[in-house]
Amino acid sequence: MPVPKSEFDSLPPCDFYTPAELLEDDQMYSVYEIARLLQGLEPDADIDRETEDILLDWAIPWVMTNADDLVVAEPRSDDEPGYYGLKE
């Protein structure tokens, strides 16, 4: 159910990192690592599966929205995810 804005102390803008702000030029990242970075965590932070699933709900649309600024690498093996990096 909607909540009145007046119930909140602060309403900052809904800004997300740009790919250049989030990713290193010479690195490739899995969507799982991007999900962590979007939350200010280290790419290899140990988080529980439930939290990771929630973070992926944010990361996947971010990747899709920023696709023009990204390159993608196919998984190197069947048990590895794909990787994303900055387009040069």
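**Exercise 1. Place Pro-81 and state its exposure.**

Step 1. Pro-81 sits in the loop that joins strand E1 (70-73) to E2. The model is a predicted one.

Step 2. Check the accessibility. Pro-81 counts as partly exposed because its relative accessibility is 28%. Partly exposed covers the range between the buried limit of 20% and the exposed limit of 50%.

Step 3. Relate Pro-81 to Leu-23. The two are 58 residues apart in sequence. In space, their C-alpha atoms are 17 Å apart.

**Exercise 2. Describe the overall fold and its dimensions.**

Step 1. Count the elements. The protein has three helices and two strands.

Step 2. Put them in order. Along the sequence the pattern reads α-α-α-β-β.

Step 3. Compare the radius of gyration with the globule rule. The protein has 15 Å, whereas a compact globule of 88 residues would have a value near 12 Å.

Step 4. Take the box along the principal axes. The C-alpha atoms fill roughly 50 × 30 × 20 Å.

Step 5. Add the burial. Of the 88 residues, 26% count as buried.

**Exercise 3. Trace the salt bridges around Glu-52.**

Step 1. Start with the total. How many salt bridges does the count come to? It comes to four salt bridges.

Step 2. Pair Glu-52 with Arg-36. Their closest N and O atoms are 2.8 Å apart, and the two form a salt bridge. This pair links distant parts of the chain: Glu-52 belongs to helix H3 (residues 49-65) and Arg-36 to helix H2 (residues 31-38), 16 residues apart.

Step 3. Pair Glu-52 with Arg-49. Here the salt bridge runs 3.5 Å from N to O. Both residues lie in helix H3, three residues apart, which is about one turn of the helix.

Step 4. Classify the partners. Glu-52 and Arg-36 are both buried. Glu-52 earns that label because its relative accessibility is 11%, and the cut-off for buried is under 20%. Arg-49 has 53% relative accessibility, so Arg-49 counts as exposed.

Step 5. Assemble the network. Salt bridges link Arg-36, Arg-49, Glu-52 and Asp-53.

**Exercise 4. Analyse the salt bridge between Glu-80 and Arg-76.**

Step 1. Find the contact. Glu-80 and Arg-76 form a salt bridge, with 2.7 Å between the closest N and O atoms.

Step 2. Buried or exposed: which word fits Glu-80? Glu-80 is at 17% relative accessibility, so Glu-80 counts as buried.

Step 3. Do likewise for Arg-76. Arg-76 has a relative accessible area of 70%, so Arg-76 is exposed.

**Exercise 5. Identify the surface patches and place one member of each.**

Step 1. Take the charged patch. Glu-24, Asp-25, Asp-26 and Glu-88 gather on the surface as a patch of negative charge.

Step 2. Place Glu-88. Glu-88 is found in the segment after strand E2 (83-86). Why is Glu-88 classed as exposed? The reason is a relative accessible area of 93%, set against an exposed cut-off of over 50%.

Step 3. Take the nonpolar patch. Val-3, Phe-8 and Leu-11 make a nonpolar surface patch of about 300 Å².

Step 4. Place Phe-8. Phe-8 falls in the segment before helix H1 (19-22). Phe-8 has a relative accessible area of 47%, so Phe-8 is partly exposed. Patch members need over 30% relative accessible area.

Terms used: Residues numbered from 1 in each chain as written. Predicted model: local features only at pLDDT ≥ 70, side-chain atom pairs only at ≥ 80, totals over all residues. Heavy atoms only, no water. Patch = residues over 30% accessible without salt bridge, like charges linked within 9 Å, V, L, I, M, F, W, Y side chains within 5 Å. Areas by Shrake-Rupley, 256 points an atom, 1.4 Å probe, with all protein chains shown as cover. Salt bridge = Lys/Arg side-chain N within 4 Å of Asp/Glu carboxyl O. Lys, Arg positive; Asp, Glu negative; His and termini not counted. Charge placed at Lys NZ, Arg CZ, Asp CG, Glu CD. Helix = DSSP H or I, 4+ residues; strand = E, 2+ residues; numbered from the N terminus. Buried < 20%, exposed > 50% of the residue type's maximum accessible area, 1.4 Å probe, protein only. Rg over C-alpha atoms; globule rule 2.2 N^0.38 Å.
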